[in-house]
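Biologist: I have not seen this structure before. Please take me through it in short questions and answers.

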Amino acid sequence: MGFWGVPFPWLLVVALACSCSSWVLRVEADDALPDCRFPAMYNFGDSNSDTGGISAAFDPIPSPYGVGFFHKPAGRDCDGRLIVDFIAEKLKLPYLSAYLNSLGTNYRHGANFATGGSTIRRQNETIFEYGISPFSLDMQIVQYDQFKQRTAELYSQATDASEKSKLPVQGEFAQALYTFDIGQNDLSVGFRKLSSDQLKAALPDIVNKLASAVQNIYRNGGRSFWIHNTGPIGCLPVNFFYNHNPPAGYLDDHGCVKTQNEMAVEFNRQLKERVIKLRQELPEAAITYVDVYAAKFGLIGNYKSEGFVDPFKVCCGYHENYDHIWCGNKGSVNGTDVFGDSCKDPATSISWDGVHYSEATNHWVGDRILNGSLSDPPIPVTQACHRH
């Protein structure tokens, strides 16, 4: 996401996973396993899964964000729900409260540590420069560790049921689902600051730092991990707002920035290899790798048959002849005041604001990943506690 709705192509991300130590099963694609019961979910990520963290820490995300489902701004860089919201619905859990949101929060069934603009590796810049969040993945893990310790103290000190009802039960941390949706902003920062060779050389360190976060939670009792890879960043419409006439060979057959997608594919290849290694290192964990890239890229390649219109046209904001006024902001176009409002039917748009997807897209992608057709091993999220 961009800061205060400002577009930054370096802001997105993805990752998730899962386990349960009581099963020692070899899971095949067609095995009919019983559903898992996840009493809670804890999410780590960026704006793709932020349910209010960056809005709580800085300026709230303005209207018309949230208009399509919540009918008001809801701390999400979308017109409605995110993939993490659809995961919660599938698991029959409430939407996750942001850890940084101190008002009206209920953490009985989990918490969300994601913030828009987050990266896996710490970045030496402020959110006011390029929209990169100060809450990198290592800080989100520190926040989780503090959350786990502090809620245990509060739960033991609680004097009535109403106080306890908003706090997690300590024994359920081991039974929770831990989801990761982060990494794309690391690539975006790299596109801006590094050469292609330098960014490629940095990928192993980025991937290993994500693995370290999983290992930390495992050491603290977590067993079920659901890890999303990163999406086709080269297909984000923001890439074309300031590059109106790309040179020959710059775009692929779908109209996406070829080199950016190639870097995302390489990141995903290394991430998948690291997940396979993590399964060996963490014998009691169930870790599921989810190919979000395939879902999003497939949608862009077949958008018409899926009921969408122009994959590179943004829904939220004024965008004509590449003059762009962002959602919720006012600006002047040819001397006329223009308000960056939303389009008439977000359900026909793949992109919400040029950087983030519409609820319709998140729903479409969510349907495909939640049923296990894009996960490795191929299992639905409701069976993600089984070890493989």
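Biologist: In this predicted model, where is Lys-92 found?
Modeller: Two elements frame Lys-92, helix H2 and strand E2, the latter covering residues 110-112. Lys-92 is found in the loop between H2 and E2.

Biologist: Is Lys-92 buried or exposed?
Modeller: A residue counts as exposed when its relative accessible area is over 50%. The value for Lys-92 is 74%, so Lys-92 is exposed.

Biologist: What is phi of Lys-92 near?
Modeller: Most residues other than glycine have a negative phi. Lys-92 is a residue other than glycine with a positive value. Its phi is near 60 degrees.

Biologist: Which residue in the loop between H1 and H2 has a phi near 65 degrees?
Modeller: The residue is again one other than glycine, and its phi is positive. Its relative accessible area is 65%, and therefore it is exposed. Its place is in the loop between H1 and H2, and the residue with phi near 65 degrees is His-71.

Biologist: What is the omega of the peptide bond from Ser-63 to Pro-64 near?
Modeller: Pro-64 lies in the loop between helix H1 (53-57) and helix H2 (83-90). Most peptide bonds are trans. The bond from Ser-63 to Pro-64 is cis, with omega near 10 degrees.

Biologist: Which peptide bond has omega near 0 degrees?
Modeller: Look at the segment after E12, where Pro-377 is found. The bond leading to Pro-377 is cis. With omega near 0 degrees, the bond is the one from Asp-376 to Pro-377.

Biologist: What distance separates the C-alpha atoms of Pro-378 and Tyr-289?
Modeller: Pro-378 also sits in the segment after strand E12 (375-376). Its relative accessible area is 37%, so Pro-378 is partly exposed. Along the chain, Pro-378 and Tyr-289 are 89 residues apart. Their C-alpha atoms are separated by 9.2 Å.

Biologist: How many cavities of 30 Å³ or more does the structure hold?
Modeller: Rolling a probe the size of a water molecule over the atoms shows where empty space is left. The largest cavity has about 80 Å³ of space, and the second largest has a volume of about 30 Å³. The number of cavities of 30 Å³ or more is two.

Biologist: Which residues of the lining lie nearest the centre of the largest cavity?
Modeller: Eleven residues line the largest cavity. By class, they divide into four nonpolar, four polar and three charged. Nearest the centre are Asn-48, Leu-82, Lys-296, Tyr-357 and Asn-362.

Biologist: Is Asn-362 buried or exposed?
Modeller: Asn-362 lies in helix H10 (residues 359-370). Its contacts beyond four places in sequence include Cys-78, Leu-82 and Tyr-357. A relative accessible area under 20% counts as buried. At 7%, therefore, Asn-362 is buried.

Biologist: Which residue has its backbone oxygen 3.1 Å from a polar atom of the side chain of Asn-362?
Modeller: The partner is among the residues in contact with Asn-362, a set that also holds Ile-83 and Phe-86. The backbone oxygen at 3.1 Å belongs to Arg-81.

Biologist: How many charged residues are in the lining of the second largest cavity?
Modeller: Residues lining the second largest cavity include Cys-235, Pro-311, His-356 and Tyr-357. The lining has six nonpolar and two polar residues. The number of charged residues is given as no charged residues.

Conventions:
Residues numbered from 1 in each chain as written. Predicted model: local features only at pLDDT ≥ 70, side-chain atom pairs only at ≥ 80, totals over all residues. Heavy atoms only, no water. Helix = DSSP H or I, 4+ residues; strand = E, 2+ residues; numbered from the N terminus. Buried < 20%, exposed > 50% of the residue type's maximum accessible area, 1.4 Å probe, protein only. Polar contact = N/O pair within 3.5 Å; in protein donor to acceptor, adjacent residues only side chain to side chain. Contact = heavy atoms within 4.5 Å. 1 Å grid on protein atoms, 1.4 Å probe; cavity = no way out; pocket = protein on both sides within 12 Å on 5 of 7 lines; lining within 4 Å. Points joined across faces, edges and corners; volume = space filled by probe spheres on them. Nonpolar A, V, L, I, M, F, W, Y, C, P; charged D, E, K, R; others polar.
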